[in-house]
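User: I'm new to reading structures, so please pick one part and take me through it slowly. Start with what it touches, then work outwards.

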Amino acid sequence: MHRYIINRLLMLIPVLLGVVFIVFFIMDLAPGDPVYQVAGEQATQQELQELRVKMGLDGNIFTRYIRYIGNMLRGDLGVSYISKRSVMRTYMERLPNTLVLASVTMLVAILISIPLGIIAAIHQNSMKDTVSMILSLLGLSMPNFWLGLLLIMLFSLKLKWVPSGGIDGVKSIILPALTVGMGLAALMTRTTRSSMLDVIRQDYLRTARSKGVTEKKVINKHALKNALIPIITVFGIQFSNVLGGSVLAETVFSWPGVGRLVVDAINQRDIPMVTGALVMTTMLVSVVNLLVDIVYAYVDPRIKAQYTK
Amino acid sequence: MPANDLILDVKNLAIRYETEDGNVHAVNGVDLQLGYRKTLGLVGETGAGKTTTALSLLRLIPNPPGVVECERMMVAGNDMLRLPIDKLEEIRGNDISMIFQDPMTALNPVFTVGEQIAESLEIHERLSKADAYEKAMQMLETVGISRSRGAEYPHQFSGGMKQRVVIAIALACNPKLLIADEPTTALDVTIQAQVLALMKALKNKYDTSMIIITHDLGIVAEVCDEVAVMYAGRIIEKGSLEEIFNETLHPYTEGLFNSLPNINDRMSKLRPIPGLMPDPTNLPVGCTFAPRCGYASAACLERQPRLTLMSGTHYVSCMAYDDPGFAINRRKQ
């Protein structure tokens, strides 16, 4: 198992190198020369050339790529064209906000989806099943920003229970987390339901019942643990998504996360900012994927056996 | 036999599965009685309703689609029909337990075999986790598996070993009644004998009453005291082992014996029973075996025969015996 984890961590290196290269290449294809953007219209050719060297934009794409990797290894992701501040520092200021929002969002999603999915599965084709499936269809099809606006209208403007935006104490996370979490819960509910339906007719649940295990424990222990793998998979994918930032929710709730940071940087052609943020997000997503794969091993011993082979 | 000497007393058990394509009549009026420390063989071909009968004794028929109707179902003095679910859960695994047919699917893949054996001990004997696990390890050794393997998962075991684990689970709390549903069918012939010997030894050790479901008359001859032959959801002949084997009455039971290969006459062909069991969604009015029966007369197709006491404890359900001179070919030889 330890060897598996070390192998996976080593595999991260080529993945990151590849991602940086792709981001670098795409950014290079984008039209417009950033030097003009910084120097302004009146700059002379000589001034432009000096600035180009200063900004590290001289040389071909490969030399710039190598230089970037070298800086990256020292924790330097360059300086923003717009704010002139360190990309790394700016990103790290925003990251905790996104991490908090992402974690609470996933918690909301789990708390809604797993009970709902289980109830739908054990009462398949009943009223309860239909209601939870309609709810989850609603969650899937309702645009995030729209749900967010509705929630703001009800809970902050009308009832004045929570602030409508910004970061101001624990209360301010409720609405954004609910908005994103309910959307994610929809897919996870469906996954939980179908995965439980696969498990619920298995012979080993009958064995458990024949031992005198209570029905509650048959479902929550014997069945759920077997149904968990697809649920964890979907969880991992969605967690990766929210780690990249939920741009719409961050915009609606003025939540200073990395999603808006990236979108703003793209709009302002702030290339070092975009590249740096994408590299960091890739790293986070890779770590989440690794964690998901490790959790698999603890849920299903057959997967663990494959890892240690 | 007075009722309180019986571990099992079932009267007029009927089970149907209500599906969109109609009702499947799996069991149609079965009476079963079994004394303490006795072993009953429930014999019949696939689809005769043996497993459904057994599951209903633990009240494990899923509803929907299954509907159980029964006049009386007493297991070790418990009225299984009227007990609430929490009382049933106390009885399952403790008074009555079951060895399932397919060891490949009967074990939960994500728990160790030790945990799975220990679970019923934790529930019924109120043992701590550690004590239950220790006793589970003893149980594992009893069925011939080294205790070091208790921490392993089902996928690390062979089929025969899994069946032993399933047996260990069923026997963990020394049940008064053990139902073994084709316990050796999924196993190699060499392992079959071992498992059978093991079950016999454990049965004697713990004074367990047992129902063995099988279509293998060899197993019946080896371990059973009494035999009930099932066909299309009914018991068509029952009696002591000697009565069924030496004084066979029902043409279907005769057919079962005839379809056994004869080791003394290797040149003879197998004589299978022609035809198939009737469709349980659409059972015939008359004797369910009549369409396949060599002795059937017109009367057999008209009404259902009743299970009638012929001699000693020997019952048969066949109208041919209305004629006192009737005998099946097996008896004439």
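Analyst: Let's begin where two helices of chain B touch: Val113(B), Gln116(B), Ile117(B) and Ser120(B) in H4(B) meet Val165(B), Ala168(B) and Ile169(B) in H6(B). Here, two residues are in contact if their C-beta atoms, placed from the backbone, lie within 7 Å. Sorted by type, this contact has five nonpolar residues, two polar ones and no charged ones. (Ala, Val, Leu, Ile, Met, Phe, Trp, Tyr, Cys and Pro count as nonpolar; Asp, Glu, Lys and Arg as charged; the others, Gly among them, as polar.)

Keep in mind that this is a predicted model, where local features need pLDDT of at least 70 and side-chain atom pairs pLDDT 80 or more, while totals for chains, interfaces and linings use all residues. As for labels, residues are numbered from 1 along each chain as its sequence is written, with chains lettered from A and ligands numbered from 1 in the order in which they are written. Helices (H or I, at least four residues) and strands (E, at least two) are DSSP runs, numbered from the N terminus.

Now for how those two helices lie. H4(B) and H6(B), the latter covering residues 159-171, pack with their axes 8 Å apart at an angle of about 20°. (An axis is a line fitted to C-alpha atoms, for helices over the stretch in contact, and angles run from 0 to 180 degrees between N-to-C directions.) That angle makes H4(B) roughly parallel to H6(B); under 35 degrees counts as roughly parallel, over 145 as roughly antiparallel, 65 to 115 as roughly perpendicular and the rest as oblique. Their crossing is right-handed, meaning that the near helix is turned clockwise from the far one by less than a right angle; anticlockwise would be left-handed.

H4(B), which spans residues 113-124, has another neighbour in H5(B), residues 129-142: their axes come within 8 Å and cross at roughly 120°. These two helices are therefore oblique to each other. H4(B) passes H5(B) in a right-handed crossing too. On the H4(B) side, the contact uses Gly114(B), Ile117(B), Ala118(B), Leu121(B) and Glu122(B). They meet a set of H5(B) residues including Lys129(B), Ala132(B), Tyr133(B), Met137(B) and Leu140(B). Overall, the H4(B)–H5(B) contact divides into nine nonpolar, one polar and three charged residues. Look out for Ile117(B), which takes part in the contact with H6(B) and also in the one with H5(B).

Moving on to the strands of chain B, try finding S8(B), residues 177-181. Five of its five residues are buried, that is, each has 20 or more other C-beta atoms within 10 Å of its own (12 or fewer would be exposed, in between partly exposed, with C-beta atoms placed from the backbone). Both faces are covered, with Leu177(B), Ile179(B) and Asp181(B) on one side and Leu178(B) and Ala180(B) on the other. S8(B) pairs in the parallel sense with S7(B), residues 96-99, over four bridges; strands pair if DSSP finds at least two bridges between them. One of those links puts Ile96(B) opposite its bridge partner Leu177(B). S9(B), residues 209-214, also runs parallel to S8(B), joined by five bridges, and there Asp181(B) has Ile213(B) as its partner.

Finally, step back to chain A, which has 14 helices and zero strands. In all, 19 of its residues are in contact with 24 residues of chain B. H9(A) gives the most to that side of chain A, with seven residues.
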